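Colleague: Please take me through one part of this model up close, and set it in the context of the whole chain. Choose whichever residue you think ties the picture together.

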Amino acid sequence: MPHGHLRVVFELAECREESVDIFFSATTDRDIEYAKRICRRCEVRADCLAYALETPQLYGIWGGFTADERVVLRRGMREALT
Ligand code: SF4
């Protein structure tokens, strides 16, 4: 993702005024669901998820997916391409 695009994404991010702890310290189902609810109403969710999958981001909730869920997504993408 070009750097300029990343800046635009974060300017539009639903989480821009939230604590990062919501996305990086969520461990209970309730906290994870709270973070995911923020992502679900985020207009740059697809860009955020693509960035997290491409870089790849190994921690935190990005684009409404936990790190474990992104592992499954990446595996599915790899299998679809073989
Ligand atoms: S999808 Fe979630 S983590 Fe990503 S920018 Fe939007 S609110 Fe933040």
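Modeller: Happy to. Two residues are in contact if their C-beta atoms, placed from the backbone, lie within 7 Å. Among the contacts in the protein chain between residues at least 6 apart in sequence, 46% join residues at least 24 apart. What you have is a predicted model, in which local features need pLDDT of at least 70, side-chain atom pairs count only at pLDDT 80 or more, and totals for chains, interfaces and linings use all residues. Residue numbers start from 1 along each chain as its sequence is written.

First, the setting. The protein chain has five helices and zero strands (DSSP runs, H or I of at least four residues for helices, E of at least two for strands, numbered from the N terminus), so its pattern along the sequence reads α-α-α-α-α. The C-alpha trace spans about 40 × 35 × 20 Å along its principal axes. The average pLDDT (the predictor's confidence in each residue, from 0 to 100) is 91, and 90% of the residues score at least 70. Helix α3 has the highest confidence, with a mean of 98, while helix α1, residues 3-12, has the lowest, at 72.

The residue I would choose is Cys-39, which sits in helix α3. Is Cys-39 buried or exposed? Cys-39 is buried because 20 other C-beta atoms lie within 10 Å (20 or more make a residue buried, 12 or fewer exposed, and anything in between partly exposed). Buried residues make up 15% of the 82 residues in the protein chain. If we set aside residues up to four places away in sequence, Cys-39 touches Glu-14, Arg-45, Ile-61, Gly-63 and Gly-64. By contrast with those contacts, Leu-73 is 34 residues from Cys-39 in sequence and 17 Å away in space, C-alpha to C-alpha.

Cys-39 also belongs to the largest nonpolar core, a core being buried Ala, Val, Leu, Ile, Met, Phe, Trp, Tyr and Cys residues joined through C-beta atoms within 7 Å. This core has ten residues in all: Cys-39 is joined there by Val-9, Phe-23, Ala-35, Val-44, Cys-48, Ala-52, Ile-61, Trp-62 and Phe-65. Helices α3 (29-40) and α4 (45-54) are the elements that give two or more residues to this core.

Now look towards the ligand, with 13 residues around it (a residue is near if its C-beta atom lies within 6 Å). The closest are Ala-13, Cys-15, Cys-39, Cys-42 and Cys-48. Again α3 and α4 are the elements that give two or more residues, here to the shell around the ligand. That shell divides into nine nonpolar, two polar and two charged residues; Pro joins the core residue types as nonpolar, Asp, Glu, Lys and Arg are charged, and the others, Gly among them, are polar.

Two other residues make useful comparisons. Arg-40 is also found in helix α3, yet with 11 C-beta neighbours inside 10 Å it counts as exposed. Pro-56, 16 residues from Arg-40 along the chain, is separated from it by 21 Å between C-alpha atoms. Leu-12 lies in helix α1 and is partly exposed, with 13 other C-beta atoms within 10 Å. Beyond its neighbours within four places in sequence, Leu-12 is in contact with Glu-43 and Val-44, and that Val-44 is a member of the core described above. The C-alpha atoms of Leu-12 and Phe-23, eleven residues apart along the chain, are separated by 17 Å.
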